[in-house]
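I opened a notebook for a structure that is new to me. My plan is to look up a few places, one entry at a time.

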Amino acid sequence: MNGIAAPIVAYEPAPTQDFLKPHRKVSVVMVVYMTGEALQQSIECVLADPLVDELVIVDNGSTRMEAARLKRLADSDTRVRLITGQGNVGFARGANLGARGAVGDVIVFLNPDAFLQPGCIAELARAIEGRPVPALVGGRVLNADRTEQRGARRGDITPVSALLSLSHLSRRIPAWRRYEVHWETEAPPEAVIAVPTISGACFCMRREDFDIVQGFDEGYFLHVEDVDLCWRVRQTGGVVLFQPKAEVIHLGHTSHASPLRVEFHKGVGLARYFRKRAEGLGERLLALILSPIIVCTAIARPMMWRIRGRAA
C-alpha cells in the first residue's frame with residue numbers, strides 16, 4: 001500500500017442511509033490517467049460505500065499492469081464499468097464519457113487519488129436532494145494530515161481576484177480582502193453553504209443538473225474545467241454548494257505525467273476561462289493580454305520546483 005495513503009484510507013463502510021428516494025441510484029465517475037499506486041486504494045474506498053450502485057472508470061491511459069488490473073476488476077464486480085479505447089482525451093471529455101455511460105441519477109465525480117471517508121457519499125447526496133436545478137455540491141477536500149486542501153472552496157476566480165490572490169495583496173491590504181480566492185484557512189462552516197467555486201476532486205450533481213449545463217466544457221484538456229463548471233452553474237441561475245461533512249482525502253501529484261505538461265495545461269485552461277467569461281471590450285482586452293503571461297507563469301512553476309528540490 002502507498003506509504004502516504006496507508007494511515008488515511010477509510011475501509012469501514014458508511015452506515016446505510018434511507019433518505020434517498022428509491023429511484024435515486026448513485027454512480028461514481030473516475031477518470032484515470034497514469035495514476036499510480038493510489039488508484040487501487042481509491043477504488044477500494046468507493047466500493048466499500050453501500051450507497052454506491054456503480055463505479056464508472058474512464059481509462060484515458062494506464063500502464064499495461066494497471067490496465068490489466070482494471071479489466072480484472074470490471075470482469076469480477078458487476079458494479080464496475082470500464083470505458084477504454086478513447087486514448088488520452090483529457091479530463092473534461094473523459095468525465096463526460098463517464099457521465100453519459102453511467103446509470104445513476106446522482107453522479108459523483110471523484111479523482112483517482114482521492115479517498116472517500118465514511119459517509120461522504122451520503123452527505124453529498126443528502127445535500128443535493130430538493131435543491132433547485134441546476135445544483136452542484138462539493139465535498140471538503142483534505143490533505144493527508146487532515147488540514148483543508150487549497151482550492152477545496154474558493155471565491156469567484158476573475159483576472160483581478162487571481163492576480164491579487166496570487167500576489168498575496170488580497171491578504172495584506174484589508175480593503176482588498178474580498179478578492180481573496182482561497183478560503184481554506186477560514187474556519188469550516190457547520191452546515192452546507194453556497195460558495196462560488198469548489199474543487200473538482202470530489203463533487204456531486206444530479207443527472208438533470210449535469211444535462212442542463214451540458215456537462216464539462218471539452219475545450220479544457222486538464223484543470224480549470226471544474227472552475228468553469230461552477231461558473232456556468234451559477235450563470236444558469238443555479239447554486240454551487242460546499243458540504244463540510246462530506247470529507248475526502250486527496251493526495252494530489254500522484255500521476256506519472258510530466259509536471260511541466262500538467263502545469264502547461266493548467267495555464268492554458270485558466271487563460272481560456274478568463275477569455276470565455278470576459279464581458280465588454282475592456283475585459284476581453286485584459287484577458288488577451290494576460291493569456292501569455294498566465295501560460296508562461298504556469299510553465300515556470302515546475303522549473304522553480306526543481307530548483308527548490310520540491311518535485312521533478
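**Entry 1: a pocket**

I began with the lining of the second largest pocket, where helix H1 (38-47) and helix H2 (64-76) each supply at least two residues. Which helix gives the most to this lining? H1 does, with six residues. I then counted the whole lining and got 15 residues. Gly36, Glu37, Leu39, Gln40 and Arg69 lie nearest the centre of the pocket. The space inside the second largest pocket is about 320 Å³. A reminder on how such space is found: a probe the size of a water molecule, rolled over the atoms, shows where empty space is left.

I must note here that the model is a predicted one.

**Entry 2: the whole protein**

Next I stepped back. I looked up the elements and found ten helices and eleven strands in the protein. The protein has 312 residues, and 54% of them are buried. I looked up the accessible surface too. It comes to about 14600 Å², and carbon and sulfur atoms hold 56% of that. Then I took the contacts between residues at least 6 apart in sequence. Of these, 82% join residues at least 24 apart.

**Entry 3: strand E11**

I picked strand E11 (residues 239-250) for a closer look. Why is E11 described as largely enclosed by the rest of the structure? Ten of its twelve residues are buried, so the rest of the structure largely encloses it.

I then listed its pairings. Strand E6 (residues 135-142) runs parallel to E11, with eight bridges between them. In that pair I noted Val141, which stands opposite Val248 in E11. Strand E5 (residues 114-116) pairs with E11 in the antiparallel sense, over three bridges. Strand E8 (residues 193-194) is also antiparallel to E11, and two bridges join them. There I found Ala194 opposite Leu241 of E11.

One general point for the margin: side chains in a regular strand alternate between the two faces of the sheet.

**Entry 4: Ala114**

I stayed with strand E5, because I wanted one residue to follow, and Ala114 lies there. Its bridge partner in E11 is His250. Is Ala114 buried or exposed? Ala114 counts as buried, at 0% relative accessibility. I looked up what it touches, leaving out residues up to four places away in sequence. The list is Ser42, Ala201, Val248, Ile249 and His250. I also checked Met30. Ala114 and Met30 are 84 residues apart in sequence, yet their C-alpha atoms are 10.0 Å apart in space.

**Entry 5: helix H3**

Helix H3 (residues 91-101) came next. Eight of its eleven residues are buried, so H3 is largely enclosed by the rest of the structure. I wrote down the buried ones: Phe91, Ala92, Gly94, Ala95, Asn96, Gly98, Ala99 and Gly101. What do they pack against? I found E1, strand E2 (54-61), strand E3 (80-83), strand E4 (106-110), H7 and H8.

Another general point: an α-helix has 3.6 residues a turn, so residues three or four places apart point the same way.

**Entry 6: salt bridges**

How many salt bridges does a search of the whole structure find? It finds 18. I looked at three of them.

The salt bridge between Arg24 and Glu208 has its closest N and O atoms 3.2 Å apart. Arg24 lies in the segment before strand E1 (26-33) and Glu208 in helix H7 (residues 207-212), so the pair ties together parts 184 residues apart in sequence. Arg24 is buried, with a relative accessible area of 12%. Glu208 counts as partly exposed, at 31% relative accessibility.

Asp228 and Lys276 form another, with the closest N and O atoms 2.9 Å apart. This pair links distant parts of the chain, as Asp228 is in helix H8 (residues 225-235), Lys276 is in helix H9 (residues 259-277), and they are 48 residues apart. Asp228 counts as buried at 0% relative accessibility. Lys276, at 30%, counts as partly exposed.

A network also turned up. Salt bridges with shared partners join Arg140, Arg146, Glu148, Arg153 and Glu247. Within it I looked up Glu148 and Arg153, whose side chains meet at 2.6 Å, N to O. Both of these residues are buried.

Conventions: Residues numbered from 1 in each chain as written. Predicted model: local features only at pLDDT ≥ 70, side-chain atom pairs only at ≥ 80, totals over all residues. Heavy atoms only, no water. Helix = DSSP H or I, 4+ residues; strand = E, 2+ residues; numbered from the N terminus. Buried < 20%, exposed > 50% of the residue type's maximum accessible area, 1.4 Å probe, protein only. Contact = heavy atoms within 4.5 Å. Areas by Shrake-Rupley, 256 points an atom, 1.4 Å probe, with all protein chains shown as cover. Pairing = 2+ DSSP bridges. Salt bridge = Lys/Arg side-chain N within 4 Å of Asp/Glu carboxyl O. 1 Å grid on protein atoms, 1.4 Å probe; cavity = no way out; pocket = protein on both sides within 12 Å on 5 of 7 lines; lining within 4 Å. Points joined across faces, edges and corners; volume = space filled by probe spheres on them.
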